[in-house]
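Work through the exercises below with the model open. Each task is followed by a solution in steps.

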Amino acid sequence: MMTSRIIGTGSYAPEHIVTNEDLANVVDTSDEWIRSRTGIGQRRIALEEGTSRMAAEAARRALEDAGMDALELDIILAATSSPDYCFPSCACEVQAALGAEHAVAYDISAACSGFLFALSTVQAFIQAGIYRNALIVGADCLSKLTDWSDRGTCVLFADAAGAAVVQASESGLVHMVMGSDGVKGPVLTCTARTEGNFLNGKTPELGYIYMNGQEVFKFAVKKVPECVNQVLEHSKTSLDEVKYFVLHQANYRIVEAAAKRLKQPMEKFPMNMERYGNTSAASVPLLLDELNREGKIQKGDKIVLAGFGAGLTWGASLLEW
Ligand code: UT7
């Protein structure tokens with residue numbers, strides 16, 4: 001049976017850097033607190049760009065890396081929880097920007113797990129023989145949904161996009177797992193654009209990100225190792241065979257806790273949240289693109305991707321590069 005192979009990666013982050021010191025001028029925080037509690041040192045915040053523009057740029061770079069023309073794409077999935085508009089979708093805007101006329105395009109909403117969920121969706125189409133060439137983009141511009149007076153969240157989230165070109169192949173994605181727990185949804189929400197119609201007399205309200213950080217933390221340190229173990233057990237692959245665990249970059253303490261539970265050395269857990277913060281759906285493909293461009297992944301390497309986030313949602317995939 002055919003499977004999904006990542007044949008190109010790309011990413012984009014806005015140029016404008018906001019340091020922890022900059023944020024200490026906005027809310028009651030410090031570089032020391034942010035670094036020691038999260039591992040974040042700075043983040044990129046969009047001035048001009050929206051989600052679609054970042055997504056399109058990451059996509060162009062991924063297509064270039066893959067050596068593929070946009071016209072060859074059968075499907076474009078954009079994973080985002082912060083599209084520029086309710087509609088058209090981010091994916092349709094990316095399609096237009098690339099001139100990918102032959103592709104079907106739509107968005108997937110699974111917050112920070114979005115890239116993993118989109119990859120799984122593409123995998124189902126590829127295994128079914130429906131599509132051959134796919135583009136997956138994870139893009140978020142959470143700075144526009146952040147309450148900049150809430151020091152508990154505004155120091156964490158940032159803007160970026162990451163993309164992968166995926167092609168039907170004999171080898172590549174070995175196995176994936178996904179999960180959701182809507183009952184726990186209220187611990188991480190963003191209620192923007194949901195209130196008000198002429199019947200209920202309410203007017204549209206702006207809503208911002210709300211997070212119960214400790215609850216999300218507990219969920220993440222339990223679920224990440226759990227789904228990584230599930231995906232490996234199913235694939236009869238040992239932890240030691242895995243070269244890198246590319247985890248969602250929310251907090252270095254979550255990554256450390258996962259490494260400890262999995263009894264794996266920290267060198268196998270690359271991190272870039274120091275430079276980019278938590279870029280939500282972009283985080284996994286952004287880090288994957290860095291590793292790929294630095295030549296750190298070779299053909300045949302086994303890589304685990306894992307994400308978790310609002311919904312609540314989580315997922316892991318085992319790839320053979
Ligand atoms: O991508 C989606 C997934 N999201 C996540 O994975 C986030 C998971 N959660 C976390 O990463 C952590 O819970 C946080 C980084 C959000 C918070 O770290 P924490 O160690 O859980 O801190 P806390 O919420 O227990 O807060 C400790 C103290 C509080 O003060 P008091 O009540 O002890 O006086 C907070 O008010 O730290 C205070 N605090 C801050 N202080 C300085 C919270 N945010 C800040 C801040 N600067 N930015």
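**Exercise 1. The largest pocket**

How do the residues of the lining of the largest pocket divide into nonpolar, polar and charged?

*Solution.* Note the source of the coordinates: this is a predicted model. Start with the lining itself. It comprises 30 residues. Nearest the pocket centre are S81, S82, S109, A111 and C190. Now sort the lining of the largest pocket by class: 17 residues are nonpolar, 11 are polar and 2 are charged.

Next, assign the lining to elements. β5 (104-108) and β9 (188-190) each supply at least two residues. β9 provides the largest share, with 3 residues. Finish with the volume: the largest pocket holds about 580 Å³ of space.

**Exercise 2. The second largest pocket**

Determine which residues lie closest to the centre of the second largest pocket, and which elements line it.

*Solution.* Take the volume first. About 470 Å³ of space lies in the second largest pocket. Its lining has 21 residues, and L156, M211, G213, F217 and N251 are the closest to the centre.

Then go through the elements. α2, α7, α8 and β12 (302-309) each give at least two residues to this lining. The largest share, 4 residues, belongs to α7. Last, the classes: the lining of the second largest pocket has 11 nonpolar, 8 polar and 2 charged residues.

**Exercise 3. Placing the ligand**

Which pocket is the space taken by the ligand?

*Solution.* The ligand takes up the space of the second largest pocket. A molecule is assigned to a pocket if more than half of its atoms lie within 2 Å of the pocket's grid points. Two or more residues of the shell around the ligand come from each of α2 (31-38), α6 (151-154), α7 (213-234) and α8 (252-262). α7 gives the most to this shell, with 4 residues.

Now list the neighbours. The ligand is surrounded by 23 residues. T29, Q214, H248, N251 and N278 are the closest. By class, the shell contains 11 nonpolar, 8 polar and 4 charged residues.

**Exercise 4. Polar contacts and cover**

Find the atoms of R151, G213 and N278 that pair with the ligand, and state how much of the ligand the protein covers.

*Solution.* Use a cut-off of 3.5 Å between N or O atoms. Begin with the ligand nitrogen atoms. One nitrogen atom of the ligand lies 2.9 Å from a backbone N or O atom of R151. For G213, a polar backbone atom is 3.0 Å from a nitrogen atom of the ligand.

Move on to oxygen. An N or O atom in the side chain of N278 lies 2.7 Å from an oxygen atom of the ligand. Then take the cover. On its own, the ligand has 950 Å² of accessible area, and the protein covers 74% of this.

**Exercise 5. The enclosed space**

How many cavities of 30 Å³ or more does the structure hold, and which residues line the largest cavity?

*Solution.* Count first: there is 1 cavity of 30 Å³ or more. About 40 Å³ of space lies in the largest cavity. The residues that line it are R5, I6, L319, E320 and W321. Two or more of the lining residues come from each of β1 (3-12) and β13 (313-320).

Close with the classes. The lining of the largest cavity has 3 nonpolar residues, no polar residues and 2 charged residues.

Terms used: Residues are numbered from 1 along each chain as its sequence is written. This is a predicted model: local features need pLDDT of at least 70, side-chain atom pairs count only at pLDDT 80 or more; totals for chains, interfaces and linings use all residues. Side-chain values use heavy atoms; hydrogens and water are left out. A residue is near a molecule or strand if one of its heavy atoms lies within 4 Å of it. A polar contact is a pair of N or O atoms within 3.5 Å; within protein, one must be able to donate a hydrogen and the other to accept it, and residues adjacent in sequence count only if both atoms are side-chain atoms. Accessible areas come from the Shrake-Rupley method with a 1.4 Å probe; for residues, only the protein chains shown count as cover. On a 1 Å grid over the protein atoms alone, a cavity is a set of points where a 1.4 Å probe fits but cannot get out, and a pocket is an open set with protein on both sides within 12 Å along at least five of seven lines; lining residues have an atom within 4 Å of a point. Ala, Val, Leu, Ile, Met, Phe, Trp, Tyr, Cys and Pro count as nonpolar, Asp, Glu, Lys and Arg as charged, and the others, Gly among them, as polar. Grid points are joined across faces, edges and corners, and a volume is the space filled by probe spheres set on the points.
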